Amino acid sequence: MAENNSSNPFPFQLKLYQNKLPEVMIKDVISAGHKVLPSLQTLMLKFPVVFLELQYPGKLKADTKEFFQNLETPEKLIVIIENSNQVEFDMSPIPVLPNIQAALLRLKHKPGIEAAVKQISFLPDMHSPVFEYLEFLKDETLDFQDIVDELKKNSLISNRILAICNSMERAISNPFDSLSRAISFVGVEGVRQILIEEAFSILTSIFRNQRDKLCHLRRASILAGMLGNLFGTNPHIFWRMRSAALMHDIGALVIAYYNPTEAERCYNISRSKKITTCDAENLFLGYNHQEAGLLMAKAMNLPEYLYPAITKHHYNQIDPEDILLQATVIANGFINHESENIGFNDYEDSIDYLEESKEAADQERLDKEYAKRSARLAPDDIEGRKKLEKEIYGLEDNYEQLEEFKHRPRPITFDKVYIDVMFKEKLTSILKDGYELKMF
């Protein structure tokens, strides 16, 4: 074991578990160029797994992110920290665990959980063409007719798409009589969302003994869809937010399938200690449902834009511009706190992020409309541009207000109190209604 002193060229301690698993223990603040980094690379070449324990006040600075992102075998490294603020960046896919015991448990449970996902993927229900079509729609070179022709090959899927499209309000007076018209109406993204809902229905059959978790996903989906509605008229945002929340905990279904006893234990610990189920899983399995969710998402051929909501809804450091993830964090956190009484991530920041995203989206929409319509005016038609600005931006007849408008305070849409009231009303309703599988 190397001693951490000024005469030692290696500023860390080294311990071997079972004579084959090295643990690097260090209390330094590690920045790019620190001596421990090349040592880690050397150890990862020689050993199947390496533990890096950051003993407080040890810290990984943001400028080491590139080093860890460029590791050839990140799955061979496990980082151990006492507090999340010891790492200044998102380390995924490198696992971050609370102690060495959890790291050793990971070596025990990880292969079993991965095997469980493979076992699930071989179940008869998983042979549904729904998953093949989700893979098919990932091809961005497809044209409209390619998609129609392929979907026509399956009458069950075609009839389902038609039934859903004809259930929408706009189709009441003029029902869709052909798959081509229906797909033209909802678009490729609409078809994808219908398939995702169908995939969830298949999960309800496979995991029918996990009613509580399935209910949680459906409720989160409904609440996230309400946030999507606040964004305005773009149905893609509404659908995608619903889908992100609908699938965010599919990894929890996997964990319970793999080991129902341990899954229940983690859930009970999360309630008694007021920690997230993810933190409880890290403690007692060394592997959490966010990681299992990614494996399941790939097995289901889910679109990659859903991955962050599945793999990062318990992260402290999340992308403020990912509105699907933000909506999932809000819906999941609200239900955890208000209905399930378990530990949850604070979602106030996510509400602020969504508000900012909506403001930016609204401004972009107005600017595009102005650019499109002003291009039709003659270059010297100043009066016409003034009228157009007033019509689109709601301004008086002077240019000086344009910049002021762009930076003025907006009406609060994503206000926490408003969302709490809105969510409580809806959650109360769906709790009374029980488990529902309504589509749109």
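Tutor: Let's start with a term: a contact here means heavy atoms within 4.5 Å. Keep in mind, too, that this is a predicted model.

Student: Okay. Using that, what share of the contacts in the protein chain with a separation of 6 or more comes from residues 24 or more positions apart?

Tutor: The idea is to sort contacts by how far apart the partners sit in sequence. In this chain, residues 24 or more positions apart supply 66% of the contacts with a separation of 6 or more.

Student: Before I lean on that, what is the mean pLDDT of the protein chain?

Tutor: Think of pLDDT as the predictor's confidence in each residue, from 0 to 100. The chain averages 88, with 90% of its residues at 70 or more. Watch residues 1-7, though: pLDDT stays under 50 there, and the model has 12 contacts for them beyond four places in sequence.

Student: Got it. How many helices and strands are there in the chain?

Tutor: You'll find 19 helices and 7 strands. The C-alpha trace spans about 80 × 60 × 45 Å along its principal axes. Of the 440 residues, 49% are buried.

Student: And what does the exposed area of the chain look like, in terms of atoms?

Tutor: Split the area by element. About 22000 Å² is exposed, and carbon and sulfur atoms supply 50% of it.

Student: How far apart are the mean positions of the positive and negative charges?

Tutor: For that you average each set and compare the two points. With 51 positive and 65 negative charges, the mean positions lie 4 Å apart.

Student: Now the inside. Which residues of the largest nonpolar core touch the most other members?

Tutor: A core is read as a network of touching side chains, and you look for its best-connected members. In this 92-residue core, those are Leu227, Met241, Met247, Met300 and Leu302. Helix α7 (residues 179-206) gives the largest share of this core, 13 residues. Take Met300: leaving out residues up to four places away in sequence, Met300 touches Met126, Phe131, Leu134, Ala199, Leu203, Met247 and Ile250. Another core, of 23 residues, lies apart from the largest one and includes Phe12, Leu37, Leu54 and Ile81.

Student: Let's try one helix. Is α12 mostly covered or mostly uncovered?

Tutor: Count its buried residues. Helix α12 (residues 277-284) is mostly covered, with 6 of its 8 residues buried. Those are Thr277, Cys278, Ala280, Glu281, Asn282 and Phe284.

Student: What do the buried residues of α12 pack against?

Tutor: Their partners are β7 (96-97), α3 (100-121), α10 (250-258), α11 (260-273) and α13 (289-299). Just past the end of α12, Gly286 has a positive phi of about 70°.

How values were computed. Residues numbered from 1 in each chain as written. Heavy atoms only, no water. Helix = DSSP H or I, 4+ residues; strand = E, 2+ residues; numbered from the N terminus. Buried < 20%, exposed > 50% of the residue type's maximum accessible area, 1.4 Å probe, protein only. Areas by Shrake-Rupley, 256 points an atom, 1.4 Å probe, with all protein chains shown as cover. Lys, Arg positive; Asp, Glu negative; His and termini not counted. Charge placed at Lys NZ, Arg CZ, Asp CG, Glu CD. Core = buried A, V, L, I, M, F, W, Y, C linked by side-chain atoms within 4.5 Å.
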